[in-house]
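Colleague: I'm new to this one, so could you walk me through how the chains sit together? Let's pull it up first.

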Amino acid sequence: MNSATHPLTLHDDRLFPAEPTQRAIARRLYAHVAKLPIISPHGHTDPAWFAGNQPFANATQLLLVPDHYVFRMLYSQGISLDALGIARVDGSRNDVDPRQAWRVFAHHFHLFRGTPSSMWLNHVFHDVFGLRVRLDAGTADQYYDHITAALQRPEYLPRSLFERFNIELIATTESPLDPLQHHAAIRASGWGGRVITAYRPDPVIDPEHEQFTAALQAFGEITGEDVHHWDGYLRAHRQRRAFFAQAGATSTDHGHPTAATADLSRADAARLFGKVVSGTFSAQEAECFRAQMLTEMAAMSMDDGLVMQIHPGCFRNHNRTLFERYGRDKGADIPLRTEYVNALKPLLDRFGNAPDFKLILFTLDESSYSRELAPLAGHYPALHLGPAWWFHDAPEGMWRFREWTLSSAGFYNTVGFNDDTRAFLSIPARHDVARRVDCAFLAKLVTEHRLDEDEAAELAVDLAYNLPKRAYKL
Amino acid sequence: MNSATHPLTLHDDRLFPAEPTQRAIARRLYAHVAKLPIISPHGHTDPAWFAGNQPFANATQLLLVPDHYVFRMLYSQGISLDALGIARVDGSRNDVDPRQAWRVFAHHFHLFRGTPSSMWLNHVFHDVFGLRVRLDAGTADQYYDHITAALQRPEYLPRSLFERFNIELIATTESPLDPLQHHAAIRASGWGGRVITAYRPDPVIDPEHEQFTAALQAFGEITGEDVHHWDGYLRAHRQRRAFFAQAGATSTDHGHPTAATADLSRADAARLFGKVVSGTFSAQEAECFRAQMLTEMAAMSMDDGLVMQIHPGCFRNHNRTLFERYGRDKGADIPLRTEYVNALKPLLDRFGNAPDFKLILFTLDESSYSRELAPLAGHYPALHLGPAWWFHDAPEGMWRFREWTLSSAGFYNTVGFNDDTRAFLSIPARHDVARRVDCAFLAKLVTEHRLDEDEAAELAVDLAYNLPKRAYKL
Amino acid sequence: MNSATHPLTLHDDRLFPAEPTQRAIARRLYAHVAKLPIISPHGHTDPAWFAGNQPFANATQLLLVPDHYVFRMLYSQGISLDALGIARVDGSRNDVDPRQAWRVFAHHFHLFRGTPSSMWLNHVFHDVFGLRVRLDAGTADQYYDHITAALQRPEYLPRSLFERFNIELIATTESPLDPLQHHAAIRASGWGGRVITAYRPDPVIDPEHEQFTAALQAFGEITGEDVHHWDGYLRAHRQRRAFFAQAGATSTDHGHPTAATADLSRADAARLFGKVVSGTFSAQEAECFRAQMLTEMAAMSMDDGLVMQIHPGCFRNHNRTLFERYGRDKGADIPLRTEYVNALKPLLDRFGNAPDFKLILFTLDESSYSRELAPLAGHYPALHLGPAWWFHDAPEGMWRFREWTLSSAGFYNTVGFNDDTRAFLSIPARHDVARRVDCAFLAKLVTEHRLDEDEAAELAVDLAYNLPKRAYKL
C-alpha cells in the first residue's frame with residue numbers, strides 16, 4: 001500500500017515467547033532440533049517432480065495456483081479464481097498472464113497478516129529465494145522476475161531443493177489406481193532421495209465419491225480381480241496394498257466424512273457391498289460401507305503391517321457453484337463436528353489392544369482433543385494422535401494441540417509433525433514452525449518447573465525426529 | 001467488606017500483557033486507536049433517549065435495573081429480582097427504594113470480581129462520574145448520591161454523553177412494527193449525532209414468538225399489505241426494509257434459535273406460510289419457516305443492499321418461573337451448541353458467491369470458531385465474522401476469538417467490534433476493552449516476529465475503525 | 001535412560017508464570033493459602049484405611065496398582081496389565097513380584113513427562129518420602145526399597161499421614177448398600193480426623209449397571225422396604241440418605257452417562273419403574289429412568305438438605321476386552337460430548353430457583369464451560385460449578401476452567417477444588433497444584449489491572465478454603 005519498500009526479515013527468535021527466561025530456554029531447545037533432517041511421513045507433493053526433475057514454470061504456477069490455502073483467502077475477499085488463472089473443469093482458462101495474477105496476489109498480500117500462509121510464504125521468499133523486501137504491490141514485479149528466473153537455475157530443480165531442504169524421507173499419497181511409475185522411476189534413477197507412497201483408497205471405497213463407479217472398474221482392471229464381488233474386492237485391496245508396500249509405503253490414509261467404523265458379519269458386509277456396487281444405496285448405507293471398510297483396512301494392516309491413518313470430519317467441496325465450475329479442492333472444504341468415542345468402538349473392539357496394530361487419528365474438530373482423542377490415545381495401545389491438521393496447523397493450533405492433549409495422552413502418544421502439503425517449497429518452513437512451537441511449549445513447562453531442561457531437550461528431539469520415524473515405521 | 005475505602009483506579013496499562021517488551025508495543029499500538037471515534041454498528045440503546053434528551057433518573061434506574069448482565073449475577077447468588085426493583089409482568093413492583101436496591105448491589109459488588117461487568121462499571125464510575133473510591137457496602141450511599149446528582153446536570157444528558165463519548169455513529173435495533181418516530185425526531189432536531197436503526201423482524205418471522213399472531217396483524221396494518229398471504233407478506237417486508245433504509249438503516253438482524261436456512265420452491269414456501277398463519281404448525285415447520293425466511297431476507301438484501309446479521313444459538317428465557325413472573329430478557333438466556341456448515345448451505349448455495357451480498361455471522365458456541373466459522377469466512381466472499389458476542393465479549397472471549405479465527409479467516413474477514421448493549425454509559429468502556437485486547441493480541445504477534453510493527457499499527461486502526469465502517473456500509 | 005542419577009527438586013515457584021512481576025504477585029498470593037488446611041469434599045479414598053490404620057503394603061500396591069491414571073498411560077504404550085500385577089476378574093493374577101512391576105514403571109516414567117501424574121508423583125516422592133533423585137530405571141530399586149521400608153514406620157500409617165497432610169475434612173463416596181461400618185469405627189475410635197461419606201446411588205438407580213438387579217435386591221434387604229414398587233423404592237432412598245446424613249454425609253453424587261433430567265407424573269414414573277424392575281426396558285427407558293431419578297434426588301435434597309452433585313458424560317469401560325478380563329475402572333473410561341441446557345431444564349423448572357437447593361455440576365466436555373455451564377451457573381441460584389474434573393484437573397485444564405467460566409459465572413459460583421481421588425498420598429500435591437494455578441490466574445488479572453491485589457488475596461483464600469466449605473455445607 002505504501003510506495004516505499006519494507007525490509008523482509010526472518011527473526012532468529014520468531015515464535016518464541018517474549019519473556020526473556022523462557023525465550024532463552026526455547027532457543028537452547030531449538031538448537032537441538034534446528035538442523036535435524038526432515039521426516040515428512042504424510043503429504044501431497046507430486047512424485048513426478050522428483051522423477052522428472054524439471055524446472056517449475058514461474059512464481060504464479062509454483063506458489064499461487066496450486067495452493068488453496070492461499071487462493072481461498074483471496075477468493076474470500078472478492079477476487080475471482082479466473083483472475084488468478086485457476087483452470088475451469090471444462091478445460092477453459094481465463095487468459096491470465098501469470099505476472100498479472102501475481103500482481104493481484106501481491107496487491108492483497110496484507111490479507112494474510114498473522115496467518116500461517118504469510119509465515120510460510122515469507123520463509124520461502126527469504127530463505128529459498130533470498131528476497132529481502134516485503135511483498136506488496138510495489139515489489140510484485142521484482143518478486144515475479146526474481147523467483148521465475150531462479151526457478152530456471154539447477155539449484156532450484158526439485159531434487160536440488162529436496163537435498164537442500166535436508167529431507168530424509170517424504171511420503172506422497174496415491175490412489176490404488178496409480179501405477180506408481182514415478183516412484184519406480186525415482187528408484188531406478190539412482191538418485192538418493194527417499195520418496196515413498198501411501199495407500200489412499202477413498203475413490204474405490206466411498207460410494208458417494210463422484211468417480212466411484214469408474215474407479216471401481218479401473219480397480220478391477222489394474223488388479224485382475226472380480227472387484228464387483230466382496231471377496232474379489234477385498235483381494236484387490238490386499239494386492240494393491242502389497243504393491244504399494246513394495247514401493248515403500250508404510251501407511252494407508254482414509255479421508256472419510258466421519259470416523260464411523262462398523263464390524264458387520266461377512267454375509268452382511270457382502271450383501272451391503274452388493275447394494276453399493278448396484279448403485280442402489282441410501283446415504284446411510286454408504287456411510288455404513290465406509291465404516292465397514294475402515295475395519296477391513298485395519299484387519300489388513302494386522303497382516304501387512306501398514307500403519308493406518310484416519311483424517312475424518314470434512315465437508316468437501318461445500319461451495320456448489322465453485323465445484324461445478326472449477327472442480328474439487330478449491331478451498332471450499334469445511335470442517336465438521338466429529339465424534340470418535342462411539343464411532344471407533346467397533347474397530348477398537350477388534351483391534352484396539354493388538355500389539356502390532358497402529359492407528360493414527362486426526363481431527364478438524366479441536367473440541368475433541370481433550371474430550372475424546374487424548375483419553376482414547378492415553379489408553380488404547382493401538383491409537384496415536386496425529387498432529388494439528390490442516391486448518392489448525394498454525395502456531396495457535398499447534399499450541400492448542402499440545403495444551404489440550406498433554407495431560408491425558410502425554411507426549412509419547414503423539415507422532416510428531418506432518419506437513420500434509422502439496423506446497424513443496426514450504427516444507428522446511430512448516431517443519432520449522434512446528435519445531436519452534438514445540439520448543440516454546442516445552443520452554444514454558446521448564447520455566448514453570450514441570451520438566452527439567454534435559455528432559456525437554458530429549459523431548460524436543462523425539463517430537464521432531466524420533467516419534468515420526470517410530471510411528472510410521474520408517 | 002472492609003470499613004476502610006479503597007482507591008478506585010483505571011490503570012493506563014490495563015489489559016496489556018505483563019511482559020515489558022510486549023506491553024511497550026501494546027501501548028504504542030493503542031496510542032494509534034485510543035482516541036478514534038466510536039463506530040457502534042449494532043446495539044440496543046433506546047433512540048428515545050437521544051430524541052427526548054431527558055435526564056436519566058438515578059443510579060439504580062440507569063445502571064442496575066436495565067442491565068441483565070448485572071442483575072443475573074446477583075440473582076445467581078440468591079438475591080431476588082424484587083429486591084432490585086425489577087418490575088413484574090403483572091405491572092406490580094416491589095416498593096423498593098432505588099437507594100436500597102443500590103445498597104444491595106454495592107454490598108455484593110465483589111461477586112463481579114474479574115468479570116467484564118466489573119470492568120465496564122468501574123470504567124463508568126471512574127471516567128464518566130469521576131469517582132475515585134471502590135464501590136462496596138461502605139461507599140454505596142456516596143455512590144448513589146454522587147451519580148444521581150450528576151445525572152441532573154446538562155453534561156449528563158444523553159446527547160451530551162453521546163458527544164463526550166466521541167460516538168461517530170450508533171445503530172439501534174427495531175422491530176418492523178416500530179414507526180421509527182424517535183429516529184425521525186432526532187433527524188428533525190438538527191442535532192448532529194448520527195443514530196440509525198436496524199431491521200430486526202424476529203417477532204413477525206418466528207411463529208413460536210409469543211407475540212407472533214398480534215405482530216403479524218400489526219404488520220399488515222402498518223404496511224397496508226395482505227400479510228396473511230405469502231406474496232403480501234414478502235411485499236410487506238420489502239416495504240418496511242425500504243422504510244428502515246430511508247431512516248438510515250444499513251443492516252438487518254436475525255436472532256434465531258439456530259442458523260438453519262432453507263431454499264424452498266415458491267409453492268412450498270407459500271404452503272408452509274399458510275400453515276404458519278393458520279397456527280397449525282409443528283416445531284419442525286416453525287424451524288423450517290424461520291430457515292426459509294433467512295434465505296428470503298438474503299434475497300431482499302441482494303436488492304436493497306442491507307447487510308445481513310445472524311445472531312443464532314440462544315435458548316431464550318430458559319427459567320420458566322422467572323419468565324412467567326418477570327417476562328423476557330431477565331438474564332436467563334443460555335447459549336446452545338450451534339451448527340453452521342450444513343445449516344447455512346441452502347442460503348450459501350444461492351448467495352454465497354454474490355459479490356455485493358454481505359452476511360455477518362455471530363456465535364455463542366466458541367467451539368465453532370476454528371472448526372466452522374473461520375473456514376467458512378475464509379472462503380465465501382459473502383461471509384464475515386462478527387466479533388465475540390454477549391457471553392463472550394470479555395477480554396478472555398475476545399482473545400479466544402482472535403486466537404481461534406486468525407489462521408483460517410485472517411483479520412480482514414472480521415468486522416471489528418460490536419458493543420451490542422443497552423447500557424449506554426458503558427459503550428466507551430466496551431470499545432476501549434476491545435481496542436486494548438486487539439492491541440495486546442497484535443503486540444504478541446509482533447514480539448513473536450510474525451508481524452512487523454507498522455503492519456500491526458495499520459491493523460489496529462482497521463480493526464477499531466475501518467473494518468466496521470466497511471462491513472456495515474457506513 | 002542415562003545411568004547417572006538426576007536430582008529431584010520441587011521448585012518453590014513451580015506452576016507460576018515466568019514473567020517476574022506476575023511471578024512475584026503469584027508468590028505473594030500463594031503465601032496466603034499455602035498452609036491452609038485441606039478441605040476434600042469429594043473423593044474416593046477408602047474409609048477402611050482410617051478405620052483400621054494398618055500400614056500400606058509396598059510402593060507398587062500403594063502407588064501403581066490402584067491408580068488407573070498411572071497404569072492407563074503404561075498400557076497405552078504396550079505394557080500389559082498383567083506385568084503390573086493388576087488382578088483379573090477371574091481372581092487370577094500374574095505372579096508378578098511387586099518390585100518387578102515397579103521396575104517396569106520406573107523404566108517408563110518418562111512417558112509421564114509434562115502430565116499431572118508426574119507432577120503428583122514427584123511431589124509425593126519428594127515431600128512425603130524425602131527422595132532427592134529422579135525416578136528412572138537406574139533408581140527403581142532404591143525407590144522401591146526406600147518407599148516400602150518407610151511405609152512400615154508409624155508416621156506413614158494412614159492416620160498419621162492424614163494429620164501430616166493437614167486435612168481438615170475428607171469425604172469418601174459410598175453406595176447405598178454400604179453399611180458405613182468404617183465410618184462408624186472411625187467415629188467410635190476417638191481419633192480426631194473428620195472422614196465423612198457421600199451418597200452415590202448409581203448401582204441402584206442405573207438399570208443398565210451390570211449389578212443393578214442384585215443391588216436392588218440388597219437395597220430392599222438393607223432398608224426393609226418393598227423396593228420393587230415405586231413408593232417403597234423412594235422410601236428406601238429417603239431412609240438411606242438419612243442414614244448417610246447421620247454418618248456425616250452432606251452430599252449425594254450421580255455419575256450418569258448424560259445430564260438428562262425428567263419430570264414425569266407420579267403415575268408415569270411408577271409405570272416406568274415397573275418396567276425397569278421387570279428387566280424389560282429399552283435403552284431409552286433406562287435413560288428416562290435415570291433422568292427421572294435425578295429429579296427425585298433433587299426433591300429429596302429439598303427435604304434433607306444434601307447437596308447434589310452430577311458427574312455426567314463418561315463412556316465407562318470402553319475397552320470391551322479389558323472389561324471382560326480385568327473388570328471396571330481400568331483406565332478405559334472416555335469422555336463424551338455432553339449437553340446441559342435442554343437436559344437440565346425439567347429439574348431446573350422445579351428446583352432451579354429454590355433458595356436452599358444446591359446442585360454442583362461437573363463436566364468432561366470443556367466446550368460446555370463457556371457455552372452452557374457458566375451461563376447456567378451465572379443465572380440459577382441453585383447451580384454451582386464444580387472444578388475441572390478428572391481428565392481436566394491438570395494445570396492446563398484448571399487454567400481453562402477459570403478462563404472459560406470467569407466472565408459468565410464469576411468466581412463465586414464455583415466451589416473450589418475437588419481432588420476426586422483414591423490416591424491418598426497425592427492429595428496434598430493435588431490441592432497444591434490447584435492453589436498454585438488459581439494464584440497464577442489471579443496474578444495475571446492483577447498484573448493486567450483487572451483486580452487489585454487485596455481482592456485477589458481474598459479470592460485466593462475463598463477459592464482454597466471458604467467456597468468448598470460453603471458449597472458443601474461443611
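Colleague: What rotation superposes chain A on chain C?

Modeller: Keep in mind that this is a predicted model. Chain A lands on chain C with an RMSD of 0.0 Å, and the shift along the axis is 0.0 Å. The two copies are thus related as by a three-fold rotation axis. As for the surfaces, the copies use different ones, since 5% of the contact residues of chain A recur in chain C. The rotation itself is 120 degrees.

Colleague: Which element gives the most to the side of chain A that touches chain C?

Modeller: That contact takes 38 residues from chain A and 41 residues from chain C. Several helices of chain A give two or more residues to this side, among them α1 (20-33), α19 (427-447) and α20 (453-471). The one that gives the most, with 6 residues, is α17(A).

Colleague: How many residues of that side of chain A, the one touching chain C, are nonpolar?

Modeller: Split this side of chain A by class, and 14 residues are polar while 11 are charged. The nonpolar ones number 13.

Colleague: And toward chain B, which element of chain A gives the most?

Modeller: Here the contact takes 41 residues from chain A and 38 residues from chain B. The elements giving two or more residues include α6 (116-128), α15 (320-326) and the strand β7 (334-335). By class, this side of chain A has 17 nonpolar, 14 polar and 10 charged residues. With 4 residues, the element that gives the most is α4(A).

Key:
Residues are numbered from 1 along each chain as its sequence is written. Chains are lettered from A and ligands numbered from 1 in the order in which they are written. This is a predicted model: local features need pLDDT of at least 70, side-chain atom pairs count only at pLDDT 80 or more; totals for chains, interfaces and linings use all residues. Two residues are in contact if their C-beta atoms, placed from the backbone, lie within 7 Å. Ala, Val, Leu, Ile, Met, Phe, Trp, Tyr, Cys and Pro count as nonpolar, Asp, Glu, Lys and Arg as charged, and the others, Gly among them, as polar. Copies are superposed by least squares on the C-alpha atoms of residues with pLDDT of at least 70 in both.
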